[in-house]
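Grab a coffee and work through these exercises with the structure open beside you. Try each task before reading its solution.

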Amino acid sequence: LHREGATILLITHDMRLVAEYAPRTAVMRAGEILVDGNTRAIFGQAELLHSAGLELPQITELARRLSLPGTPLNVDEFSEFYRTRMNAD
């Protein structure tokens with residue numbers, strides 16, 4: 001439906017689901033919007049998500065802890081970021 005132009009509103013605490021399907025994300029805390037924008041950019045702000053009681057998807061958190069460049073949202077992206085880093089070293 002989204003590819004056909006329909007707007008879909010998804011409300012969830014499952015950040016893996018958000019990473020997989022949502023190109024745009026709004027994060028709320030106590031009824032207030034903290035940030036609204038590109039999902040990848042928002043997932044690059046782990047502290048902001050944590051302040052809202054949310055956790056990064058596991059693969060995104062692993063990349064952050066390994067200090068990989070960028071913000072991978074799924075395993076395929078993680079693999080590409082990791083290969084790029086290993087080839088640079």
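**Exercise 1. Get your bearings: how much of the chain is buried, and what secondary structure does the chain have?**

Before you start, keep in mind that this is a predicted model.

Step 1. Start with the burial: buried residues account for 29% of the chain's 89 residues.

Step 2. Now count the elements, and you should get five helices and two strands.

Step 3. Put them in sequence order, and the pattern reads α-β-β-α-α-α-α.

Step 4. For the overall dimensions, the C-alpha atoms fill a box of roughly 45 × 35 × 15 Å along the principal axes.

Step 5. Check the contacts between residues at least 6 apart in sequence: 23% of them join residues at least 24 apart.

**Exercise 2. Find the largest nonpolar core and say which helices supply it.**

Step 1. The largest nonpolar core holds 14 residues. Inside it, Val27, Ile42, Phe43, Leu49 and Leu54 have the most contacts.

Step 2. Next, look for the helices behind it: H1 (15–21), H2 (39–43) and H3 (46–51) each give this core at least two residues. The largest share comes from H1, with three residues.

Step 3. Zoom in on Val27. Leaving out residues up to four places away in sequence, Val27 touches Glu32, Ile33, Leu34, Val35, Ile42, Leu49, Ala52 and Leu54.

**Exercise 3. Look at the surface and the charges: how much area does the chain expose, and how far apart are the mean positions of its positive and negative charges?**

Step 1. The chain exposes about 6,500 Å², and carbon and sulfur atoms supply 52% of that area.

Step 2. On the charge side, there are 9 positive and 12 negative charges. Their mean positions sit 2 Å apart.

Step 3. Pairing up the charged side chains gives a count of six salt bridges.

**Exercise 4. Work out where Glu61 and Arg65 sit in their helix, and whether each is buried or exposed.**

Step 1. Find the link: Glu61 and Arg65 form a salt bridge, with their closest N and O atoms 2.8 Å apart.

Step 2. Place the pair: both residues belong to helix H4 (residues 58–65), four residues apart, about one turn of the helix.

Step 3. Compare accessibility. Glu61 has a relative accessible area of 12%, so Glu61 is buried. Arg65 comes in at 65%, so Arg65 is exposed.

Step 4. Widen the view, and Arg64 joins in: Glu61, Arg64 and Arg65 are linked in a network of salt bridges.

**Exercise 5. Do the same for two other salt bridges, Asp14 with Arg16 and Glu80 with Arg83.**

Step 1. Take Asp14 and Arg16, whose side chains meet with 3.9 Å from N to O. The cut-off for a salt bridge is 4 Å, so this pair counts.

Step 2. Check their accessibility: Asp14 is partly exposed at 32%, while Arg16 is exposed at 51%. The bar for exposed is over 50%, which means Arg16 clears it.

Step 3. Move on to Glu80 and Arg83, where the N to O distance is 3.2 Å. Both lie in helix H5 (residues 75–88), three residues apart, about one turn of the helix.

Step 4. Finish with the relative accessibility of this pair: Glu80 is at 43% and counts as partly exposed, and Arg83, at 46%, is partly exposed too.

Notes: Residues are numbered from 1 along each chain as its sequence is written. This is a predicted model: local features need pLDDT of at least 70, side-chain atom pairs count only at pLDDT 80 or more; totals for chains, interfaces and linings use all residues. Side-chain values use heavy atoms; hydrogens and water are left out. Buried means under 20% relative accessible area, exposed over 50%, partly exposed in between (1.4 Å probe, protein chains only). Contact means heavy atoms within 4.5 Å. Accessible areas come from the Shrake-Rupley method with a 1.4 Å probe; for residues, only the protein chains shown count as cover. Lys and Arg count as positive and Asp and Glu as negative; His and the chain ends are not counted. The place of a charge is taken as NZ of Lys, CZ of Arg, CG of Asp or CD of Glu. A nonpolar core is a set of buried Ala, Val, Leu, Ile, Met, Phe, Trp, Tyr and Cys residues joined through side-chain atoms within 4.5 Å.
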